[in-house]
Amino acid sequence: MSVLALLAHGDGVSRSVVALLLAMSVSSWVVILWKAWLLRGGTRDVLRSIAAFWQSPSLGQAERSVEPFDRAMLVLPAVSAVSHLATQPDTATLGGAVDRTQRLTRVLRDALHAALRRLQAGQILLATVGATAPFVGLLGTVWGIYRALAGIAGETGGFTIDKVAGPVGEALIMTAFGLAVAIPAVLAYNVFGRVVGRIEAELEGFAHDLLGAQIGRAHV
């Protein structure tokens with residue numbers, strides 16, 4: 001029994017369940033493949049980028065040194081923001097009215113938040129698919145069994161196993177389909193969550209150290 005058979009022999013509810021599970025599967029796999037590409041270097045690239053920054057003699061050189069390692073563009077935005085601020089003159093705006101330390105704090109915070117939003121993108125979808133897909137499949141199973149029992153009740157020739165085997169088999173496939181959608185999403189959510197957590201810790205530590213270094217340089 002295939003998904004195409006379910007679509008061919010099922011009613012509107014069964015087809016809606018199959019279509020929903022298929023949409024959830026496609027969307028979760030798109031996110032899985034995209035995040036696997038984004039995090040392909042993992043913490044290693046972030047550590048290399050941070051090391052390249054601290055080994056650079058100047059902010060301008062640091063941008064060029066970090067760029068080859070920072071394929072996911074997680075460290076470079078913060079470095080570019082600090083480098084741009086260092087060369088930007090004070091202006092008569094609300095942003096320029098505060099002292100340079102506060103502006104430095106703001107641009108680092110904005111760069112860090114942008115990187116964290118990019119890292120967290122898709123995690124909610126994976127968690128939602130992993131948590132709800134089994135229940136969507138179970139809904140299809142319950143509905144399929146209900147249809148099978150209703151069909152048996154309407155039969156006048158007596159109960160035979162062949163009359164219930166097909167509909168019940170279709171119903172049980174719904175549960176398997178729901179699990180097949182949920183399991184990859186849950187595994188990907190857990191794996192990506194651990195990688196993202198390590199990268200977030202490194203980025204937060206780098207931002208803190210960079211802020212302290214720039215403040216110290218400003219007071220020299």
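Trainee: Which residues line the largest cavity in this predicted model?

Mentor: The lining consists of Leu-38, Leu-39, Arg-40, Gly-41, Gly-42, Asp-45, Val-46, Asp-70, Arg-71, Ala-72, Leu-74 and Ile-199.

Trainee: What makes those residues count as lining?

Mentor: A lining residue has an atom within 4 Å of a cavity point. Arg-71 and Ile-199 are among the residues on the list, so each has an atom within 4 Å of such a point.

Trainee: And why is that space called a cavity, not a pocket?

Mentor: In a cavity a 1.4 Å probe fits but cannot get out, whereas a pocket is an open set. The largest cavity holds about 80 Å³ of space, and the structure has 3 cavities of 30 Å³ or more.

Trainee: How do you find empty space like that in the first place?

Mentor: You roll a probe the size of a water molecule over the atoms, and that shows where empty space is left.

Trainee: Which helix gives the most to the lining of the largest cavity?

Mentor: That's helix H3, residues 42-54, with 3 residues. By class, the whole lining comes to 6 nonpolar, 2 polar and 4 charged residues.

Trainee: Why do the glycines in that lining end up as polar?

Mentor: Gly is counted among the polar residues by the class rule. Gly-41 and Gly-42 are both in the lining, so they go under polar.

Trainee: Asp-45 is on the lining list too. Is Asp-45 buried or exposed, and how do you know?

Mentor: Its relative accessible area is 10%. Buried means under 20%, so Asp-45 is buried.

Trainee: What makes the contact between Asp-45 and Arg-71 a salt bridge?

Mentor: The closest N and O atoms of the two are 2.8 Å apart. The cut-off is within 4 Å, so the pair qualifies. This pair links distant parts of the chain: Asp-45 sits in helix H3, while Arg-71 is in the loop between helix H4 (59-66) and helix H5 (76-87), 26 residues apart.

Trainee: How does Asp-45 with Arg-44 do by that rule?

Mentor: There the closest N and O atoms are 3.9 Å apart. That is still within 4 Å, so Asp-45 and Arg-44 form a salt bridge as well. The count comes to 2 salt bridges, and Arg-44, Asp-45 and Arg-71 are linked in a network.

Trainee: Why are the two arginines described differently from Asp-45 when it comes to burial?

Mentor: Look at the percentages. Arg-44 has 46% relative accessibility, and Arg-71 has 39%. Partly exposed covers what lies between 20% and 50%, so Arg-44 fits, and so does Arg-71.

Trainee: Where does Arg-71 stand relative to Leu-39?

Mentor: They are 32 residues apart in sequence and 9.2 Å apart in space, C-alpha to C-alpha. Both are also in the lining of the largest cavity.

Trainee: What about Leu-187, buried or exposed?

Mentor: Leu-187 has a relative accessible area of 52%. Exposed starts over 50%, so Leu-187 is exposed. Leu-187 lies in helix H9, and its C-alpha atom is 9.8 Å from that of Ala-127, 60 residues away along the chain.

Trainee: How does Glu-202 come out?

Mentor: At 29%, Glu-202 is not under 20% and not over 50%, so partly exposed is the call. Its place is in helix H9, residues 161-218. Glu-202 and Leu-47 are 155 residues apart in sequence, yet 7.5 Å apart in space, C-alpha to C-alpha.

Trainee: And which helix holds Gln-120?

Mentor: Helix H7, residues 100-120. The C-alpha atoms of Gln-120 and Gly-193 are separated by 8.3 Å, with their positions 73 residues apart along the chain.

Trainee: What makes Leu-22 eligible for a surface patch?

Mentor: Leu-22 has 48% relative accessibility, and a patch residue needs over 30% and no salt bridge, so Leu-22 passes on accessibility. Leu-22, Val-26 and Val-30 make a nonpolar surface patch of about 270 Å². Leu-22 itself lies in helix H2, residues 12-38.

Trainee: Last one: what does the secondary structure of the whole chain come to?

Mentor: It comes to 9 helices and 0 strands. Buried residues make up 37% of the 220 residues.

Terms used
Residues are numbered from 1 along each chain as its sequence is written. This is a predicted model: local features need pLDDT of at least 70, side-chain atom pairs count only at pLDDT 80 or more; totals for chains, interfaces and linings use all residues. Side-chain values use heavy atoms; hydrogens and water are left out. Patches are made of residues with over 30% relative accessible area and no salt bridge: like charges are joined within 9 Å, nonpolar side chains (Val, Leu, Ile, Met, Phe, Trp, Tyr) within 5 Å. Accessible areas come from the Shrake-Rupley method with a 1.4 Å probe; for residues, only the protein chains shown count as cover. A salt bridge is a side-chain nitrogen of Lys or Arg within 4 Å of a carboxyl oxygen of Asp or Glu. Helices (H or I, at least four residues) and strands (E, at least two) are DSSP runs, numbered from the N terminus. Buried means under 20% relative accessible area, exposed over 50%, partly exposed in between (1.4 Å probe, protein chains only). On a 1 Å grid over the protein atoms alone, a cavity is a set of points where a 1.4 Å probe fits but cannot get out, and a pocket is an open set with protein on both sides within 12 Å along at least five of seven lines; lining residues have an atom within 4 Å of a point. Grid points are joined across faces, edges and corners, and a volume is the space filled by probe spheres set on the points.
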